[in-house]
Amino acid sequence: MKVSELRELIQAENMTPALSEDREITCGYVCDLLSWVMAHGDEGMAWVTVQTHMNVVAVAVLSEMACIVLPENIRMEAESLQKANDEGMAVLTSPLTAYEICGRMMASGVPAHN
Amino acid sequence: MSELMKASYPVEAADYTSAGSASADIKRRLKKLGISGDVLRRVAVASYEVELNLVIHSLGGVLDLSVYPEYVQLVSTDRGPGIPDLSLAMREGWSTANDEARSLGFGAGMGLPNMKRNADGFDIQSTVGVGTTIQMKFNLT
């Protein structure tokens, strides 16, 4: 599943429209503890989190994730979005809850692990 | 053995805004040297963990990168406060992170175990009142 397809699946808004949505999503994850995500993050991951500060982008980039997904219409602050744009990390925000986002990803065949 | 590259990054205590900039630069430099894939990812994750440890737990320190033909070496040296019980600090889930760190989503107690898991060689030495040194090696061959 591409980032563009995930955006449609979870009715999300792309907060980094300047970036390509062609990146392939190979697995999904949900967690708000960054240090936990550092230990379990993986390449190509779509990561659902309510955290929006700068370190979120750093974790996603270092783990070579496909995108960051914010649930419940949470907005990422401008400073973090700038960093996401600079680093080429797509950020989506969806009106759905984290639970429903993950449910839809799972039902569409996005696995928990690569 | 001759070094291909050497770089040193001072890391300040509680500087959450710049946290990750050393790791990002290390990743960029290694990429330029043609290092990629699994090794690059493991170095990136471990360097971020050790950089965040300096920010969260230390009084400030330095992260040193050295690249040799056979391996990448990361050495973190801080100015204290030192770790009283290393075996406890190495245990997954154990953390002494403060409220500020926890509010940002850190402090899961995964940092040191995650470094050890990602590195091919891991050594930690700590003296209370003096400081902590962490050495990690990542094989390139």
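Which residue follows helix 3 of chain A, and is its phi positive or negative? Glu64(A) follows that helix, and its phi is positive, near 60°. Keep in mind as you read that this is a predicted model.

## Helix 3 of chain A

Let us start with the helix that comes before Glu64(A). Helix 3 of chain A covers residues 54-62, and 9 of its 9 residues are buried, so the rest of the structure largely encloses it. The buried residues are Met54(A), Asn55(A), Val56(A), Val57(A), Ala58(A), Val59(A), Ala60(A), Val61(A) and Leu62(A).

What do these residues pack against? Within chain A, their partners are helix 2 (34-40), strand 3 (45-48), strand 4 (67-70) and helix 4 (78-87). Chain B takes part too, through its helix 1 and helix 2. For a closer look, pick out Ala60(A): setting aside residues up to four places away in sequence, Ala60(A) touches Trp47(A), Met65(A), Ile68(A) and Met89(A).

## The nonpolar core

Ala60(A) also appears in the largest nonpolar core, which has 72 residues. Ala60(A) is among the residues with the most contacts inside this core, together with Ala46(A), Trp47(A), Cys67(A), Ile68(A), Val69(A) and Val91(A). Helix 2 of chain B gives the most to this core, with 11 residues.

## Where the chains meet

Now to the meeting of the two chains. Here 20 residues of chain B are in contact with 16 residues of chain A. Three elements of chain B give two or more residues to the side that touches chain A: helix 1 (21-32), helix 2 and helix 5. The largest share, 5 residues, comes from helix 2 of chain B. Sorted by class, this side of chain B has 10 nonpolar, 7 polar and 3 charged residues.

## Helix 2 of chain B and its partners

Helix 2 of chain B, residues 37-57, has helix 5 of chain B, residues 111-118, as one partner. Their axes come within 9 Å and cross at roughly 155°. That angle makes the two helices roughly antiparallel, and their crossing is left-handed. On the helix 2 side, the contact involves Arg42(B), Val45(B), Ala46(B), Glu49(B), Val50(B), Leu52(B) and Asn53(B). These meet Gly111(B), Asn114(B), Met115(B) and Asn118(B) of helix 5 of chain B. By class, this contact has 5 nonpolar, 4 polar and 2 charged residues.

Helix 1 of chain B is another partner: its axis and that of helix 2 of chain B come within 8 Å and cross at roughly 160°. This pair is roughly antiparallel as well, but the crossing of helix 1 and helix 2 of chain B is right-handed. Helix 1 of chain B brings Ala22(B), Ser23(B), Ile26(B), Lys27(B), Leu30(B) and Lys31(B) to the contact, while helix 2 of chain B brings Leu40(B), Val43(B), Ala44(B), Ser47(B), Tyr48(B) and Glu51(B). The residues of this contact divide into 7 nonpolar, 2 polar and 3 charged.

## A look at Ser47(B)

Is Ser47(B), a residue of helix 2 of chain B, buried or exposed? Ser47(B) counts as buried because it has 29 C-beta neighbours inside 10 Å, and the cut-off for a buried residue is 20 or more. Leaving aside neighbours within four places in sequence, Ser47(B) is in contact with Ala22(B), Ser23(B), Ile26(B) and Leu74(B). Ser47(B) and Met136(B) are 89 residues apart in sequence, yet their C-alpha atoms are 9.2 Å apart in space.

## Backbone details in the loops

Two residues in the loop between strand 4 and helix 4 of chain A are worth finding: Glu72(A) and Asn73(A). Neither is a glycine, and phi is positive in each: near 50° for Glu72(A) and near 60° for Asn73(A). Glu72(A) is partly exposed, with 13 other C-beta atoms within 10 Å. Asn73(A) has 11 C-beta neighbours inside 10 Å, so Asn73(A) counts as exposed.

Chain B has a loop to visit too. A cis peptide bond joins Gly80(B) and Pro81(B), with omega at about 15°. You will find Pro81(B) in the loop between strand 3 (71-78) and helix 3 (86-89) of chain B.

Terms used. Residues numbered from 1 in each chain as written. Chains lettered and ligands numbered in written order. Predicted model: local features only at pLDDT ≥ 70, side-chain atom pairs only at ≥ 80, totals over all residues. Axes fitted to C-alpha atoms, helices over the stretch in contact; angles between N-to-C directions. Helix = DSSP H or I, 4+ residues; strand = E, 2+ residues; numbered from the N terminus. Parallel < 35°, antiparallel > 145°, perpendicular 65-115°, else oblique. Left-handed = near helix turned anticlockwise from the far one by under 90°. Contact = placed C-beta atoms within 7 Å. Nonpolar A, V, L, I, M, F, W, Y, C, P; charged D, E, K, R; others polar. Core = buried A, V, L, I, M, F, W, Y, C linked by C-beta atoms within 7 Å. Buried ≥ 20, exposed ≤ 12 C-beta atoms within 10 Å, placed from the backbone.
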